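Welcome! Work through these exercises with the sequence and the 3D view side by side, and try each task before reading its solution.

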Amino acid sequence: MQLNKTRRALVAATLTMMGVLSACTTVGGGGGGETAAEGTKAPDPACKLATAQDPGNSAPPQNVPVAENAPKLAKKDTYRVAFSQNASNNPWRLAETESMKAEAGKLGHQLTITDAQNSQAKQIQDIRSLIAQKPDALFIAPITEQLANVVVDAAKADIPVFLLDRAVDTNIAKPGEHYVTVIRSDFVQEGLRAAVALARATGGRANIVELEGTTGSSPAIDRKKGFDEAIKQCPGMKIVASQDADFTRAKGQQVMETLLQSNPDVNAVYAHNDEMAIGAISAIKAAGKTPGKDVVVVSIDGSRDALQAVSRGELYATVECNPRFGPAAFKTMQEYAEGKPVPTVLVNQDRFFDQSNAKQFIEEAY
Ligand code: AHR
């Protein structure tokens, strides 16, 4: 995928930098012996992540080419646009759709939205029917990277495509040619940030269940990559089971129930999103264990339910992945129409929520 080499280099650079930082950083989380979740052990000296601070956002990508060969967009006051959403089964997706609607409404654009209901086949059908309606521009939140072919079809129909939040296979759909740009968070960095949080919470001694997002989706691929790469720094952090739970609360709970039975020594969960983490928390409770004490949970998104779980001490931390794409999506479309240079990747800046700040952001969360 595009920027893979750059990303790997950035993760490596961040980890190296954290090795330096860790020497002068102190973090709470436990005295000395078992897991830090139990508050009884000093951080494993062999795990630099266990005493590192949140590394924050990655450096903005350098030398990103601008979109030059994608279908053009005439300059107009208002547009007839379409948005292919991949699902509406969690608060994150609903917030993203709502943000697109609100911004389109504010700017006077006519917006058609389709919901693929978490089905790749349906999303392909949806996009084909949107192409047939010939919108001025097409926004797509692709369910998996395999949506690349239908993105190429849209370009062939001379419709400028803007990818939102997830990427497609760039060996098939060329950035700046078959689509204008992808606006997204850095999912690899999110995985790294989650790993640092989990290392800090467990003192670097963790038997981890990883609940993965939808197989083939760019967040599932990259969040796994960032996390797995980072914990290689810590000999005491091991993934004992890793399974797809499709980014949903129900599957998070169901998968966690099963994995807890086969791995009773689990003391940590890394969930690729908040919904699966909240499902896992229910499963942990149902197994008679205490989330945040017996089993530390870390996830990604920053939803309202997650911030509430953080403030209750059930979720240790959540790395933000902001779903409110409307303003950036329409601003980028406008700039493209005006002939301004649009980089083929635009990376969001995201926050980090833990006990120190979760409560204050509950009100504004989705
Ligand atoms: O692509 C972003 C991910 O997709 C969010 O983390 C998740 O909640 C959503 O379904």
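**Exercise 1.** Which residues surround the ligand?

*Solution.* Keep in mind that this is a predicted model. Start at the ligand and look for residues with a heavy atom within 4 Å of it. You should find Asn90, Trp92, Arg93, Asp165, Arg166, Pro219, Arg223, Asn273 and Asp301. Next, sort this shell by class: 2 are nonpolar, 2 polar and 5 charged. Finally, turn to the helices: α2 (91-107) and α6 (218-231) each give the shell at least two residues.

**Exercise 2.** Which distances separate oxygen atoms of the ligand from polar side-chain atoms of Arg93, Asp165 and Arg166?

*Solution.* Take one side chain at a time.

- Arg93 places a polar side-chain atom 2.8 Å from a ligand oxygen.
- For Asp165, the distance from a side-chain N or O atom to an oxygen of the ligand is 2.5 Å.
- Arg166 has a polar side-chain atom 2.9 Å from an oxygen atom of the ligand.

Now consider the ligand's surface: on its own it has 280 Å² of accessible area, and the protein covers 98% of that.

**Exercise 3.** Describe the largest cavity: what takes up its space, and how many residues line it?

*Solution.* First, the ligand takes the space of the largest cavity, whose volume is about 150 Å³. Second, the lining consists of 18 residues, and Asn90, Trp92, Arg93, Arg166 and Phe247 lie nearest the centre. Third, split the lining by class: 6 residues are nonpolar, 6 polar and 6 charged. Helices α2 and α6 each contribute at least two lining residues.

Terms used. Residues numbered from 1 in each chain as written. Predicted model: local features only at pLDDT ≥ 70, side-chain atom pairs only at ≥ 80, totals over all residues. Heavy atoms only, no water. Polar contact = N/O pair within 3.5 Å; in protein donor to acceptor, adjacent residues only side chain to side chain. Areas by Shrake-Rupley, 256 points an atom, 1.4 Å probe, with all protein chains shown as cover. 1 Å grid on protein atoms, 1.4 Å probe; cavity = no way out; pocket = protein on both sides within 12 Å on 5 of 7 lines; lining within 4 Å. Sits in = over half its atoms within 2 Å of the grid points. Helix = DSSP H or I, 4+ residues; strand = E, 2+ residues; numbered from the N terminus. Nonpolar A, V, L, I, M, F, W, Y, C, P; charged D, E, K, R; others polar. Points joined across faces, edges and corners; volume = space filled by probe spheres on them.
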